[in-house]
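Reader: I would like to walk through this model with you, one local feature at a time. Could you take my questions as they come?

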Amino acid sequence: MNQPQDTIPLEAKSPFELRVNLSADMPETDVRTALATGEMGFLHSFTTGSTVDGPGVRVVGWTTGCQFRCLYCHNPDTWNMSNGIPVALARATEELRKYRQGLKVMLGGFTLSGGEPLMQDRFVVKLLAAAKELGIHTALDTNGALGARLSDADLKHVDLVLLDLKSWSPELHRRLTGMEVGPVLDFAQRLAACRIPIWVRFVLVPGLTDDPENIAQIAKFSADLGNVERVDVLPFHQMGRFKWKELKLNYSLEDIQPPSIEAVERACAQFSTVGLKTY
Ligand code: SF4
């Protein structure tokens, strides 16, 4: 018999835990209602103690559901929403309440990541609003393509956006993710107009995203926005490879090695040249 969903622990040691089919039994009408009302979301897990997903020490909620299919995705078990635990908004809010004091002391906050959180935009807005009510700093880690789902009022609950810029070239973006880059860039410009700070995340994948011209264009675009506080150059790694295997997905980056320290430094230098802070 399946474990009752409200007893499945929300906490995971890391998002690298493989989780599948945790809401596969849920009737489709209930899923639709959850998505429309935002009273329930689908989460891979909550993790604590992150120092890389926004300022200070963070609690991170990992949502399930993503419309991208990035070749280097290290959490493909978050692609399907039905792999996540159905979690009532009230339960997720209570979970955050537990950490409220600690997060304040550690100058941290709550980050919603995924998957792509905006696949569940109503739940995301309600949970971020609840976090703000608790006095918790909020960050949204997104591929940006569904940013148009958020109204200006929704965006008021977001203190920081961690925006993945994967490629400047539309053709390469399509090859890397299966989706168009245009809506991502539009969302970045809208965040700039709303003066919401962005941390750009750029995954450096040898042979795919490391073309200096590609990096230069992303750097120029980011610098011109005026609201980019920092750029995280994330070296490609193979930590998620086992998930592709477990899920019987075709992993095409088997032979790609992580970039050298020099290559990471070169990419960082391209962002620094246009006046951006890199990490
Ligand atoms: S956007 Fe993120 S979660 Fe979605 S496929 Fe790409 S890397 Fe994976």
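Reader: Which loop holds R195, the one between which helix and which strand?
Author: Helices (H or I, at least four residues) and strands (E, at least two) are DSSP runs, numbered from the N terminus. This is a predicted model, in which local features need pLDDT of at least 70 and side-chain atom pairs count only at pLDDT 80 or more, while totals for chains, interfaces and linings use all residues. Residues are numbered from 1 along each chain as its sequence is written, and side-chain values use heavy atoms, with hydrogens and water left out. On that footing, R195 belongs to the loop between α6 (182-193) and β7 (198-204).

Reader: Is R195 buried or exposed?
Author: Buried means under 20% relative accessible area, exposed over 50%, and partly exposed in between (1.4 Å probe, protein chains only). R195 is not a glycine, yet its phi is positive, near 60°. With a relative accessible area of 74%, R195 is exposed.

Reader: Where is K248, and what is its phi?
Author: K248 sits in the loop between α8 (241-246) and α9 (261-273). At 74% relative accessibility, K248 counts as exposed. Although K248 is not a glycine, its phi is positive, about 60°.

Reader: What is omega for the peptide bond from G114 to G115?
Author: G115 lies in the loop between β4 (109-113) and α3 (121-133). The bond that leads into it from G114 is cis, with omega near 15°.

Reader: Which residues surround the ligand?
Author: The ligand sits in the largest pocket. A pocket here, on a 1 Å grid over the protein atoms alone, is an open set of points where a 1.4 Å probe fits, with protein on both sides within 12 Å along at least five of seven lines; lining residues have an atom within 4 Å of a point. A molecule sits in it if more than half of its atoms lie within 2 Å of its grid points. With a heavy atom within 4 Å as the criterion, the surrounding residues are C66, F68, C70, C73, W79, G115, N143 and K166.

Reader: How many residues of that shell are nonpolar, polar and charged?
Author: Ala, Val, Leu, Ile, Met, Phe, Trp, Tyr, Cys and Pro count as nonpolar, Asp, Glu, Lys and Arg as charged, and the others, Gly among them, as polar. By class, the shell has 5 nonpolar, 2 polar and 1 charged residues.

Reader: Why is the pair of W244 and Y251 called tilted?
Author: Rings of Phe, Tyr and Trp (its six-membered ring) pair if their centres lie within 6.5 Å; planes under 30 degrees apart count as stacked, over 60 as edge-to-face and the rest as tilted. W244 is buried at 5% relative accessibility, and Y251 is buried at 11%. Their ring centres are 5.1 Å apart and their planes stand at 50°, so the pair is tilted.

Reader: Which residues do ring pairs link into a cluster?
Author: The structure holds 5 aromatic pairs. Ring pairs join W244 and Y251 with a residue of the ligand's surroundings, giving the cluster W79, W244 and Y251.

Reader: Over which rings does the charged end of R230 sit?
Author: A charge sits over a ring if NZ of Lys or CZ of Arg is within 6 Å of the ring centre and within 35 degrees of the ring normal. For R230, one ring centre is 4.0 Å away and another 3.8 Å. These rings belong to W199 and Y279.
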